[in-house]
Amino acid sequence: MSVLNGKKILLGVSGGIAAYKTASLVRLFIKAGAHVQVIMTPASKDFVTPLTLSTLSKNPVHSSFFNQDDEDAVWNNHVDLALWADLMLIAPATSNTLSKMTTGNSDNLLVATYLSAKCPVYFAPAMDLDMYKHPSVLSSFTALKSFGNIMIPAESGELASGLSGEGRMAEPENIIAFLEADLESKLPLKGKKILITAGPTYEAIDPVRFIGNHSSGKMGFDLANEAANLGAQVILIAGPTHYKAKNGLVEVINVVSAQDMYDACHEYFNDVDVAIAAAAVADYRPKVVALQKIKKAADEFSIELEKTKDILASLGAIKKNQFLIGFALETENEIENAKLKIQKKNLDLIVLNSLQDEGAGFKKETNKVTFIDQDFKIEPMELKSKESVAVDILNKVVLHFAKS
């Protein structure tokens with residue numbers, strides 16, 4: 001799966017013959033799973049039509065501060081466009097547009113949006129070879145790179161003038177490859193291997209019935225997807241759940257029982273940098289599992305239970321340099337019970353959930369957690385979506401490696 005998958009990309013098209021290549025560029029972005037919006041300078045519409053790019057991007061194309069054909073003259077908000085984007089690419093970037101970007105001459109929607117961008121900005125120059133080497137253009141390159149913008153160098157080849165040399169805009173496939181390589185190199189968890197557990201476990205009573213809990217697995221799957229998005233190699237050990245990993249780079253190991261999850265965790269734990277135990281593992285299981293379905297006969301029926309192995313404690317006992325994160329779901333004495341778990345299970349961080357908090361717990365789209373580290377520093381968080389909680393947890397992981 002491409003690192004561009006799910007990214008919101010703002011493509012700025014300026015007026016050069018290379019603008020015709022942007023149709024292929026948009027198609028490749030969509031194929032990679034990105035969301036694309038296009039801003040065109042008025043001159044660029046002489047080389048490629050807004051209808052083409054709108055059809056390919058599945059979004060309206062913007063080219064002016066307001067739609068002149070609209071009786072209500074709706075304003076195209078350059079600030080909103082800039083804030084929407086995860087990255088902005090200006091391709092082709094002509095000498096005229098580069099000069100305006102350098103000096104802040106925002107006489108069109110594209111440059112005004114560029115000046116409002118908070119995201120990474122890439123530019124792919126396109127011009128004739130003498131223009132490409134002119135001191136004024138070279139100074140634009142230097143200035144834009146000093147602003148933090150990233151240049152995708154032009155390629156050599158046949159130019160519109162009939163000459164052959166440097167100045168040809170990079171081919172769409174090469175632009176995609178450049179963006180993917182640059183983004184991957186900056187992912188904060190690239191090179192890290194993370195083990196995550198998710199969902200409930202089911203402990204068999206007979207071939208039909210089991211002991212389980214209400215965990216949906218959403219928190220663990222959100223953690224896995226976010227970790228993969230940050231560049232980590234992710235092994236997700238999941239109990240029975242209907243959730244699927246959104247990021248195709250997540251390796252999912254499906255298990256059923258607490259023993260299955262214990263075995264899988266111990267198979268992979270020694271080779272990982274981080275382990276996050278988000279699963280709701282059964283504490284007890286039937287001591288004897290009936291081989292046939294138990295018939296409804298007596299008015300009362302009892303099952304003898306035995307403890308399951310404590311997966312988190314067992315990992316804490318053998319951990320070396322792994323950053324180990326556990327979850328605690330409590331209903332009373334939440335903070336004190338969580339602190340005891342940190343010590344007893346040798347954790348680096350615990351994520352405390354309380355069923356007393358509205359919007360938290362099983363089968364919810366939201367969660368309200370409190371972070372407690374091994375020094376007992378307590379950090380309560382506000383109610384958030386589970387996706388946002390996953391981001392907060394992975395930020396703790398990123399911070400850990402930034403300090404080490």
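The following conversation goes through salt bridges, cysteines, helix packing and backbone geometry in one predicted model.

User: What kind of model is this, and how are residues numbered?
Analyst: This is a predicted model, in which local features need pLDDT of at least 70, side-chain atom pairs count only at pLDDT 80 or more, and totals for chains, interfaces and linings use all residues. Residues are numbered from 1 along each chain as its sequence is written, and side-chain values use heavy atoms, with hydrogens and water left out.

User: How many salt bridges are there?
Analyst: The search of the whole structure finds 13 salt bridges. A salt bridge here is a side-chain nitrogen of Lys or Arg within 4 Å of a carboxyl oxygen of Asp or Glu. In general, side chains of opposite charge can pair when their charged atoms come close.

User: Which residue does arginine 285 pair with?
Analyst: Arginine 285 forms a salt bridge with glutamate 306, at 3.1 Å from N to O. Arginine 285 is in strand E15 (residues 284-286) and glutamate 306 is in strand E16 (residues 305-307), so the bridge ties together parts 21 residues apart in sequence. Helices (H or I, at least four residues) and strands (E, at least two) are DSSP runs, numbered from the N terminus.

User: Are those two side chains buried or exposed?
Analyst: Arginine 285 counts as partly exposed at 24% relative accessibility, and glutamate 306 counts as partly exposed at 26%. Buried means under 20% relative accessible area, exposed means over 50%, and partly exposed lies in between (1.4 Å probe, protein chains only).

User: And what does lysine 287 meet?
Analyst: The side chain of lysine 287 meets that of glutamate 304 in a salt bridge of 3.6 Å, N to O. Both residues are in the loop between E15 and E16, 17 residues apart. Lysine 287 is partly exposed at 47% relative accessibility, whereas glutamate 304 is exposed at 54%.

User: What about aspartate 392 and lysine 384: buried or exposed?
Analyst: Aspartate 392 and lysine 384 are both buried. Their side chains form a salt bridge at 2.6 Å, N to O. Elsewhere, salt bridges that share partners join Lys21, Arg168 and Glu171 into one network.

User: Changing topic: how many disulfides are there?
Analyst: The search of the whole structure finds 0 disulfides, a disulfide being a pair of cysteine sulfur atoms within 2.5 Å. Cysteine 119 is buried, with a relative accessible area of 14%, and cysteine 265 is buried at 0%.

User: Where is histidine 78, and what does it touch?
Analyst: Histidine 78 is in helix H3 (residues 78-84) and is buried, with a relative accessible area of 18%. Leaving out residues up to four places away in sequence, histidine 78 touches Leu109, Ala112, Thr113 and Ser116. Contact means heavy atoms within 4.5 Å.

User: How do H4 and H7 cross?
Analyst: The axes of helix H4 (residues 95-103) and helix H7 (residues 135-146) come within 9 Å and cross at roughly 45 degrees. Axes are lines fitted to C-alpha atoms, for helices over the stretch in contact, and angles run from 0 to 180 degrees between N-to-C directions. H4 and H7 are therefore oblique to each other; angles under 35 degrees count as roughly parallel, over 145 as roughly antiparallel, 65 to 115 as roughly perpendicular, and the rest as oblique.

User: Which residues meet there?
Analyst: Ser95, Leu98, Ser99, Met101 and Thr102 in H4 meet Val137, Ser140, Phe141, Ala143 and Leu144 in H7.

User: What is the angle between H1 and H8?
Analyst: Helix H1 (residues 22-31) and helix H8 (residues 172-185) pack at about 45 degrees, with their axes 9 Å apart. The contact is made by Ser24, Leu25, Leu28 and Phe29 of H1 with Pro172, Glu173, Ile175, Ile176 and Leu179 of H8.

User: Last topic, the backbone: where is there a cis peptide bond?
Analyst: A cis peptide bond joins alanine 91 and proline 92, with omega about -5 degrees. Proline 92 is in strand E4 (residues 87-93).

User: Which residues have a positive phi although they are not glycine?
Analyst: Among them are lysine 58, with a phi of about 65 degrees, and phenylalanine 376, also at about 65 degrees. Lysine 58 is in the loop between helix H2 (50-57) and strand E3 (61-62) and is exposed at 63%. Phenylalanine 376 is in the loop between strand E20 (369-373) and strand E21 (378-380) and is partly exposed at 30%.
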